[in-house]
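Okay, everybody, let me pull this one up on the screen. I'll talk for a few minutes, and please hold the questions until the end.

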There are 2 protein chains.
Amino acid sequence: MHFTSEQRLDDGVLEREFTLGEIPGILWTPATASATATASAPAPLILLGHPPLGLRKMYPRLAARAQHCAAEGFATATIELPGSGDRPRLPGAEQALADMRRALQAGEPVADETIDALVLPLVDRAVPEWRTALDALLALPGIGGPVGYSGGVISIGTRLAVVEPRISAAVLFAGSFIPRVMYEEARQVTIPLHVLLQWDDEGNDRQAALDLFDAFGSEEKTLHANMGGHTGVPRFAGDAAGQFLTRHLR
Amino acid sequence: MHFTSEQRLDDGVLEREFTLGEIPGILWTPATASATATASAPAPLILLGHPPLGLRKMYPRLAARAQHCAAEGFATATIELPGSGDRPRLPGAEQALADMRRALQAGEPVADETIDALVLPLVDRAVPEWRTALDALLALPGIGGPVGYSGGVISIGTRLAVVEPRISAAVLFAGSFIPRVMYEEARQVTIPLHVLLQWDDEGNDRQAALDLFDAFGSEEKTLHANMGGHTGVPRFAGDAAGQFLTRHLR
């Protein structure tokens, strides 16, 4: 992990861009943590998931989430997804995306094969990268466990919750296509989950989201469904997700 | 409204039993409100709904909710439901209850007619009584608006939200049978709603609850689904419902 730039945001949060091999990423640490990191307890870490639209495009929302988390004492980090931003496109992605758009424009359901082709290569590549990032992040001074995961592609969050034992709690956003195999993986999740669903998200299959919530094996799982469309998660719903993470990670 | 007894609870909350005609009820006011009622702003009021099991049986849970609300500065009140406690049974209730039990024991769905016979007479009688209670409560010194409704039989809360303009926000518990006519009434609800659903509530029809949530006409409506069975609403879910009421009533 190489830090390539650093700046202080208005509220004192330290923002550092890094590369992990060829993967760019960003780490945010609370204002107080950097000054007292070695003296005080390490900050718990939240991995900030995001849709595959590129870190540059997602930056404003990610930075806002990071600052919100920093106010609660959390360090946060994110990495570019495979196939996004300046990273090479995933094989088959263009075709799957075209198939999806064609189905949506025709008002037809997106075929399971298309969903698999769209999501599974992304999950298969992203999950090991997030785990490698976690290795590097937890080796930094001032950053420790417990670790949470929040947001982004729900299939990535689901698989991470299954395979990465260092993640203690996850906020999942049910707003993207769900490959069939993920319902089976969901049964293996046991960590506390807080699932956000935008009830009238036109581009999202509500029943698929409810089925996935039902499938999660966790003893503590909560579904928060709200109005406001795909990107209209109400502020109070974001606050509630933050309270969930605070309850489990602090 | 005649007060028949009063006592101070451990935390200073003033608990007063009353009768409203032949209907018994209980009013709780925050410790500080009674001392400063006339001098300071009146306390907002939350009507505490409950299942038709009788106030005496429900008292421990109602008092705990009242104390929780009082800590946030709310007055709370509840009345005995028609047909419950020492009040005369509703005509047809015994038969409807027997029909429901027979269906459940046979593992069959409860017929729409049975649900109607079980719930609608209760709603038809209870709603005007709660409105009369509201008249009397809001006439008391130290108690004012805005008014919230929380819990109990979801069809009573739904109809109250439609017909009673003084109710500004409601927490509804989706844990009881829903007559078909309520889906139409739900479309007329416009106040902010916070709906609690116990996901694995064996005695409850989950799909009916999701359909009712979908039907509500409110621009702000939130569904919180949790694990833990019918009576196992997690503490954090109760806290979140309290935050919703605080957000809308203060």
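Let's start with one pair of residues: Thr222(A) has Asn226(B), in strand E9 of chain B, as its bridge partner. This is a predicted model, by the way, so keep that in mind throughout. Now look at the other end of that pairing, where Asn226(A) sits opposite Thr222(B) in E9(B). Taken together, E9(A) and E9(B), each covering residues 221–226, are joined by 5 bridges and run antiparallel.

So how are the two chains related? Turn chain A by 180 degrees, with a shift of 0.0 Å along the axis, and you can lay it on chain B with an RMSD of 0.0 Å. That is, the two copies are related as by a two-fold rotation axis. And the contact surface is shared: 100% of the contact residues of chain A recur in chain B, with the same surface serving both copies. Which residue of chain A comes closest to the rotation axis? That's His224(A), whose C-alpha is 2.4 Å from it.

On to the interface itself. We have 12 residues of chain A in contact with 12 residues of chain B. On the chain A side, the elements giving two or more residues are strand E9 and helix H8, the latter being residues 235–249. E9(A) supplies the largest share, with 6 residues. If you sort that side by class, you get 5 nonpolar, 3 polar and 4 charged residues.

Helix H8 of chain A is where you'll find Ala240(A). Ala240(A) counts as buried, because it has 23 C-beta neighbours inside 10 Å. Setting aside residues up to four places away in sequence, Ala240(A) touches His224(A) and also Ala240(B) in the other copy. While you're there, click on His194(A) as well: its C-alpha is 9.2 Å from that of Ala240(A), and the two are 46 residues apart in sequence.

Back to E9(A) for a moment. Is that strand enclosed or open? All the way along, 6 of its 6 residues are buried, so E9(A) is largely enclosed by the rest of the structure. In a regular strand, side chains alternate between the two faces of the sheet. Here both faces are covered: one side has Lys221(A), Leu223(A) and Ala225(A), the other has Thr222(A), His224(A) and Asn226(A), and all of these are buried.

What does E9(A) pair with inside chain A? Strand E8 of chain A, residues 193–198, pairs with E9(A) in the parallel sense over 6 bridges. As a landmark, Val195(A) stands opposite Leu223(A). Put helix H7, residues 206–215, together with E8(A) and E9(A) and you have a right-handed β-α-β unit.

Next, the core. The largest nonpolar core has 148 residues, and the members that touch the most others are Leu45(A), Ala174(A), Leu45(B) and Ala174(B). Take Ala174(B): leaving out its neighbours within four places in sequence, the residues in contact with it include Ile154(B), Val195(B), Leu196(B) and Phe213(B).

Ile154(B), which I just mentioned, is also one of the buried residues of helix H5 in chain B. That helix runs from 154 to 163 and is mostly covered, with 8 of its 10 residues buried. Among the elements covering those buried residues are strand E4, helix H4 and strand E6 of chain B. Over in chain A, H5 likewise has 8 of its 10 residues buried. The buried ones there include Gly157(A), Thr158(A) and Arg159(A). They pack against, among others, strand E7 (167–173) and helix H6 (181–187) of chain A.

Last stop, the start of chain B. Strand E1, residues 2–8, pairs with strand E2, residues 14–20, in the antiparallel sense over 6 bridges. Ser5(B), for instance, has Glu17(B) as its bridge partner in E2(B). The hairpin of E1(B) and E2(B) has 5 residues between the strands, and Gly12(B) takes a positive phi near 90 degrees there. Then E2(B) is joined to strand E3, residues 23–29, by 7 bridges, again antiparallel. Phe18(B) has Gly25(B) as its bridge partner in E3(B). That hairpin has 2 residues between its strands, and Gly21(B) in the turn has a positive phi of about 65 degrees.

Okay, that's my tour. Over to you.

Definitions and conventions
Residues are numbered from 1 along each chain as its sequence is written. Chains are lettered from A and ligands numbered from 1 in the order in which they are written. This is a predicted model: local features need pLDDT of at least 70, side-chain atom pairs count only at pLDDT 80 or more; totals for chains, interfaces and linings use all residues. Copies are superposed by least squares on the C-alpha atoms of residues with pLDDT of at least 70 in both. Two residues are in contact if their C-beta atoms, placed from the backbone, lie within 7 Å. Helices (H or I, at least four residues) and strands (E, at least two) are DSSP runs, numbered from the N terminus. Ala, Val, Leu, Ile, Met, Phe, Trp, Tyr, Cys and Pro count as nonpolar, Asp, Glu, Lys and Arg as charged, and the others, Gly among them, as polar. Two strands pair if DSSP finds at least two bridges between them. A residue is buried if 20 or more other C-beta atoms lie within 10 Å of its own, exposed if 12 or fewer, and partly exposed in between; C-beta atoms are placed from the backbone. A crossover is right-handed if, with the strands pointing away from the viewer, the path from the first strand over the helix to the second runs clockwise. A nonpolar core is a set of buried Ala, Val, Leu, Ile, Met, Phe, Trp, Tyr and Cys residues joined through C-beta atoms within 7 Å.
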